[in-house]
Structures are given as structure tokens and as C-alpha cells.
Amino acid sequence: MNYLIVIPALNPKRELIEYVDTLLRHGYPGVLVVDDGSRDDCRSIFDEIADKPGCRILRHQANMGKGRALKDAMRFYIDNCLSDDNENVRFDGIITVDSDGQHVAMDVDKVSAAMSEHPGALILGARDFGHRDVPRKSSFGNRCTVVALKLFIGGSICDTQTGLRGIPNELISRFSELRGERFEYETVMLIDAIQSNTDIVEVPIRTVYIDNNSETHFNPVRDSVRIYRIILGTFLKYALSSLSSFIVDYAIFCGAYYVITKGGAADSRAVWISTIAARICSSLFNYTVNKKVVFKSNRGPETLVMYYCLCIVQMACSAALVNLVSLSGVIPVQIAKIIVDTLLFLVSYHIQKKFIFKEETANG
């Protein structure tokens with residue numbers, strides 16, 4: 001159990017003192033509590049904890065958010081526990097827990113054991129959101145985030161919002177530099193781990209909600225917006241890129257057609273030439289925006305070949321699937337086209353993200 005316990009705390013109750021005592025009795029050699037701008041009447045709680053052997057307090061003069069508290073704790077850990085001249089206080093990693101009593105010591109022990117069993121992995125304490133004691137809003141919120149994360153990022157995680165996490169030394173420096181100051185930081189951590197192919201191990205823990213989770217500082221509107229902005233950010237840029245490409249395509253088609261026909265009668269030859277010119281320009285525009293803005297890829301010109309191969313395959317699949325669906329006679333071809341192209345749009349997003357424009361660095 002050579003792990004430092006990190007507890008971000010905002011206006012904690014006195015039960016936090018007993019909780020720290022329990023963790024110390026379980027054999028953890030150190031506890032670092034971050035006072036994230038708590039009220040003055042909570043100062044005695046932090047002072048009592050600071051007097052305990054192996055315990056330290058980091059203080060924020062004002063509330064800066066859970067993400068900032070965790071990152072400041074990591075930076076303190078890097079400066080004081082990982083440097084070469086501090087071998088006597090060296091730990092094998094940190095375990096983050098919440099200050100509201102949700103994470104019982106036995107579950108912290110499970111995370112500790114999993115860290116020893118899976119070195120280098122990010123360990124998550126996963127709650128059972130089907131349990132009858134879970135507040136409905138917490139269950140619904142987590143299920144939505146799980147689906148969104150899997151659909152737009154690719155990870156398969158049961159509890160995306162858990163604060164009980166085991167972070168080994170190999171990951172701490174990288175995690176300490178991630179963006180996010182409040183609850184969205186924990187989502188950023190998961191996304192970084194998924195995209196960098198870091199092993200993620202979930203261990204089942206008890207589902208504890210005290211007073212129907214009344215002590216939580218999570219704002220269901222403000223913090224949810226921050227979390228979904230992180231999860232959906234790349235996809236929304238991808239969607240806007242596609243919409244812009246459509247506008248470019250349409251504008252060039254109309255302009256080329258007008259120039260060729262000089263505003264005259266319909267001309268099938270002009271339609272073909274205008275269509276080809278518009279599609280070449282709009283696809284180059286879409287490729288450039290996706291590479292530079294959406295996925296921010298530094299990969300070489302091979303991505304252009306891969307991109308156009310995907311476009312050809314996607315076009316062929318669209319025609320084949322629309323024809324197949326429409327032959328059933330159940331769905332009109334116009335509706336089939338919408339359904340098929342929407343699915344291919346999502347598939348294309350994942351292919352471009354994971355293969356064509358995937359970063360070649362260790363961090364994905």
C-alpha cells in the first residue's frame with residue numbers, strides 16, 4: 001500500500017477527520033488533502049488532519065475546482081515525492097478519493113490491490129448504477145456519459161464519473177498537464193488514457209450515497225455542459241467541417257454552372273463539369289480542415305491518399321446500402337439515403353479520427 005492518498009475537499013464535514021484516520025489505520029503511508037477554498041469554519045478540520053503523521057494540507061485561497069485541486073496535488077507529488085533527492089518518501093503512485101464519504105476504505109484497498117496487480121494502468125473504482133440506492137439523476141447522468149464517451153471517443157467504461165482512481169507514477173506527469181479545472185478534468189483524464197492506449201482497469205466498489213448525494217458540489221447543468229463540450233468537441237468540429245464543405249460544394253457548383261451556361265438553358269454537360277469541379281474543391285477543403293483544425297494531425301501526405309480512398313469506399317457503400325434497403329420496399333429510397341448516410345457519416349468520423357489522422361505520438 002505504498003500509495004499517497006489525495007483528497008480534494010471543499011467545505012468538508014468533521015467526518016473527514018475520522019475517514020483520514022481510517023485510511024491511516026489501513027496502512028497508507030501518507031494523505032494529502034487539498035483545501036479548495038473552504039469556509040473559514042472548516043479550518044479546524046484541516047488543522048487536525050495536518051497534525052496527523054504522514055498528512056499534509058494544500059490550500060487554495062479561493063475555490064478553483066476539483067480539477068485544479070487534483071492537478072496541484074499531482075504537481076506537489078512530483079516536486080516532493082518523485083525527485084531523486086526524496087527517495088525516503090517515494091511512493092508508487094497516488095489514489096484519489098472524494099471527501100464526502102462515498103469511498104469506503106475497503107474499496108480504496110481494492111484499488112490499491114489492482115494497482116499492484118496492473119502496473120502502469122489507470123485504475124477506476126466502478127459503482128453499480130443499477131443499484132436501488134443510486135439517485136435517479138446520478139444514474140441517468142452516468143449512463144448518458146458512458147454512451148457519449150463510447151460513441152464519440154471509443155472507450156468502454158462503466159463509471160465515467162468516479163472520483164476513486166489509482167494513478168501510477170508513469171501517468172502522473174502527463175495527467176498533471178491536462179486541461180480542465182473543475183469536474184470536466186476527470187473526463188479529460190479518461191479521454192487522454194483512451195487515446196494514448198493506456199490500460200484502464202475497473203474494479204467494482206460499493207455504491208454509497210449519503211443523504212441522496214446532497215453534499216456533492218457537482219452542478220448538473222454547468223458541469224454537464226463542460227463535460228459534454230469535452231466529449232463532443234471534436235465531433236462537433238467534424239460536423240461543422242462537413243457542413244462548410246457542403247456550402248463550398250454548392251457555391252462552386254452554382255458558380256461553375258452559371259459560368260459555363262452563361263445563365264442560359266439547362267445543359268447536362270455543364271452539370272457534370274460543375275459537379276466534378278465542386279466535388280474536387282470541396283473535398284480538398286474538407287480534407288484540409290479535418291487534418292489541420294478538427295483532428296490537428298501532423299501526419300504526412302499519405303493521409304490525402306487514405307482520405308480519398310475512404311471517400312470512394314464511402315460513396316460505394318452508400319449506393320450499395322441504399323439500393324439494398326430500398327429493394328425491401330419497406331423504406332422509401334429517400335429515407336433510406338438519410339439513414340445510410342448518417343450511419344456512414346459516423347463511421348467515417350471514427351475512421352478519420354482513429355486511422356487517417358491519428359497522431360503517431362505516444363499520447364495519440
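Here are some notes to help you find your way around this structure, which is a predicted model.

1. Start with the overall make-up. The chain has 364 residues, and 45% of them are buried. Its secondary structure comes to 11 helices and seven strands. If you look at contacts between residues at least 6 apart in sequence, 75% of them join residues at least 24 apart.

2. Next, the sheet. Seven strands make an open sheet, and you can read their order as 3-2-1-4-6-5-7, with mixed pairing. At the edges sit strand 3 (55-60) and strand 7, each of which pairs on one side only. Ignoring direction, neighbouring strands here are turned by 20° against each other on average. As background, strands of a sheet pair through backbone hydrogen bonds, either parallel or antiparallel.

3. Two of the pairings are worth tracing by eye. Strand 1 (residues 4-9) and strand 2 (residues 30-36) run parallel and are joined by six bridges. To find the register, look for Ala-9, which stands opposite Asp-35 in strand 2. Strand 5 (residues 122-126) also runs parallel to strand 7, and five bridges join these two. Here Gly-125 is the residue standing opposite Val-203 of strand 7.

4. Stay with strand 7 (residues 200-204) for a moment: which of its residues are buried? Val-201 and Val-203 are, and they point to one face. Ile-200, Glu-202 and Pro-204 point to the other face and are not buried, so to speak an alternating pattern along the strand.

5. Some helices lie across this sheet. Helix 2 (residues 43-50) lies across strand 1, strand 2 and strand 3, and runs at about 145° to strand 3. Helix 3 (residues 66-81) lies across strands 1, 2 and 3 as well as strand 4 (93-96) and strand 6 (165-168); its direction is about 130° from that of strand 3.

6. Now the helices further along the chain. Two packed helices are described by the angle between their axes and the distance between the axes. For helix 8 (residues 222-261) and helix 9, the angle is about 155° and the axes are 7 Å apart. Angles over 145 degrees count as roughly antiparallel, and helix 8 and helix 9 are therefore roughly antiparallel to each other. Their crossing is right-handed.

7. Helix 10 (residues 302-327) is a good one to look at on its own. Its 26 residues reach 38 Å from the first C-alpha to the last, close to the 38 Å expected at 1.5 Å a residue. Its buried residues are Thr-303, Tyr-307, Leu-310, Ser-318 and Val-322. What do these buried residues pack against? Helix 9 (268-294) and helix 11 (333-356). After helix 10 comes Gly-329, with a positive phi near 80°.

8. Finally, how do helix 10 and helix 11 sit together? They pack at an angle of about 155°, with their axes 9 Å apart, and they are therefore roughly antiparallel to each other. This crossing is right-handed. On the helix 10 side, the residues that meet helix 11 include Met-306, Gln-314, Cys-317 and Leu-321. On the helix 11 side, the partners include Val-340, Leu-344, Phe-345 and Phe-355. Thr-303, Tyr-307, Leu-310, Ser-318 and Val-322, the buried residues of helix 10, are also among those that meet helix 11.

Definitions and conventions: Residues are numbered from 1 along each chain as its sequence is written. This is a predicted model: local features need pLDDT of at least 70, side-chain atom pairs count only at pLDDT 80 or more; totals for chains, interfaces and linings use all residues. Side-chain values use heavy atoms; hydrogens and water are left out. Helices (H or I, at least four residues) and strands (E, at least two) are DSSP runs, numbered from the N terminus. The expected span of a helix is 1.5 Å times one less than its number of residues. Buried means under 20% relative accessible area, exposed over 50%, partly exposed in between (1.4 Å probe, protein chains only). Contact means heavy atoms within 4.5 Å. Two strands pair if DSSP finds at least two bridges between them. Axes are lines fitted to C-alpha atoms, for helices over the stretch in contact, and angles run from 0 to 180 degrees between N-to-C directions. Angles under 35 degrees count as roughly parallel, over 145 as roughly antiparallel, 65 to 115 as roughly perpendicular and the rest as oblique. A crossing is left-handed if the near helix is turned anticlockwise from the far one by less than a right angle, and right-handed if clockwise.
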